[in-house]
Amino acid sequence: DNVECVVSGTGKIDGEYAHVTIIYFEEKDDANDAWEKIQEESEDQKKEADEDSEWVCKKSGKMIYYGTKDAINAAK
């Protein structure tokens, strides 16, 4: 609920699978309310990721993001 925007990207970085999903909520409380459910979704996505990739799932203010470390770094 109260999702403002979702950004998602998949590709290859240095020949390896890379993925990032960023979810922006209208308010910080909305992100807090969705945090547990998003962590579960992140774990499902992690199972599909390359075994060698480092997986990240974090919350910052009204934003939750997850994906491979390389893709997250590229998105920054």
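## Exercises on a predicted model

In this predicted model, the buried residues of helix 1 pack against three strands, namely strand 2 (16-25), strand 3 (55-60) and strand 4 (63-68).

**Exercise 1.** Work out which residues of helix 1 are buried, and check whether the end-to-end distance of the helix agrees or disagrees with its number of residues.

*Solution.* Begin with the burial: D30, A31, A34, I38, S42 and Q45 are the buried residues of helix 1, and the buried residues of this helix are in contact with strand 2, strand 3 and strand 4. Next, take the length: helix 1 covers residues 28-48, and because each residue should add 1.5 Å, its 21 residues should span 30 Å, which agrees with the 29 Å between its end C-alpha atoms. Finally, follow the axis along the helix, where a kink of about 50 degrees is centred on W35.

**Exercise 2.** Describe the surroundings of H19, and decide whether this residue is buried or exposed.

*Solution.* First, place the residue: H19 lies in strand 2. Second, apply the cut-off: buried means under 20% relative accessible area, and H19 has 5% relative accessibility, so H19 counts as buried. Third, list its neighbours: leaving aside residues up to four places away in sequence, H19 touches S8, G9, T10, Q45, W55, Y66, G67, T68 and A71; one of these, Q45, is a buried residue of helix 1. Fourth, look at the polar atoms: the side chain of H19 makes a polar contact with the side chain of T21 at 2.7 Å, and the side chain of H19 also reaches the backbone oxygen of G9 at 3.1 Å.

**Exercise 3.** Determine how strand 4 is paired, and explain why it is described as largely enclosed.

*Solution.* Start with one partner: strand 2 and strand 4 pair in the antiparallel sense over 5 bridges, with V20 standing opposite G67 in strand 4. Turn to the other pairing: strand 3 and strand 4 also run antiparallel, over 6 bridges, and K59 has I64 in strand 4 as its bridge partner. The hairpin formed by strand 3 and strand 4 has 2 residues between the strands, and in this hairpin G61 takes a positive phi near 60 degrees. The last step concerns accessibility: 5 of the 6 residues of strand 4 are buried, and therefore the strand is largely enclosed by the rest of the structure.

**Exercise 4.** Examine D14, a residue other than glycine, and state where it lies and what its phi is.

*Solution.* D14 is found in the loop between strand 1 (3-13) and strand 2, and its phi is near 55 degrees, a positive value. For its accessibility, the cut-off for exposed is over 50%; D14 has 76% relative accessibility, so D14 counts as exposed.

**Exercise 5.** Find the salt bridge in the structure, and say which parts of the chain it ties together.

*Solution.* The structure holds 1 salt bridge, in which the side chains of K69 and E54 meet at 3.9 Å, N to O. Because K69 lies in helix 2 (residues 69-75) and E54 in the loop between helix 1 and strand 3, the pair ties together parts that are 15 residues apart in sequence. As background, side chains of opposite charge can pair when their charged atoms come close. To finish, K69 has a relative accessible area of 37%, so K69 is partly exposed.

Note on methods: Residues numbered from 1 in each chain as written. Predicted model: local features only at pLDDT ≥ 70, side-chain atom pairs only at ≥ 80, totals over all residues. Heavy atoms only, no water. Helix = DSSP H or I, 4+ residues; strand = E, 2+ residues; numbered from the N terminus. Expected span 1.5 Å × (residues − 1). Bend = angle between axes of the 7 residues up to and from the residue. Buried < 20%, exposed > 50% of the residue type's maximum accessible area, 1.4 Å probe, protein only. Contact = heavy atoms within 4.5 Å. Polar contact = N/O pair within 3.5 Å; in protein donor to acceptor, adjacent residues only side chain to side chain. Salt bridge = Lys/Arg side-chain N within 4 Å of Asp/Glu carboxyl O. Pairing = 2+ DSSP bridges.
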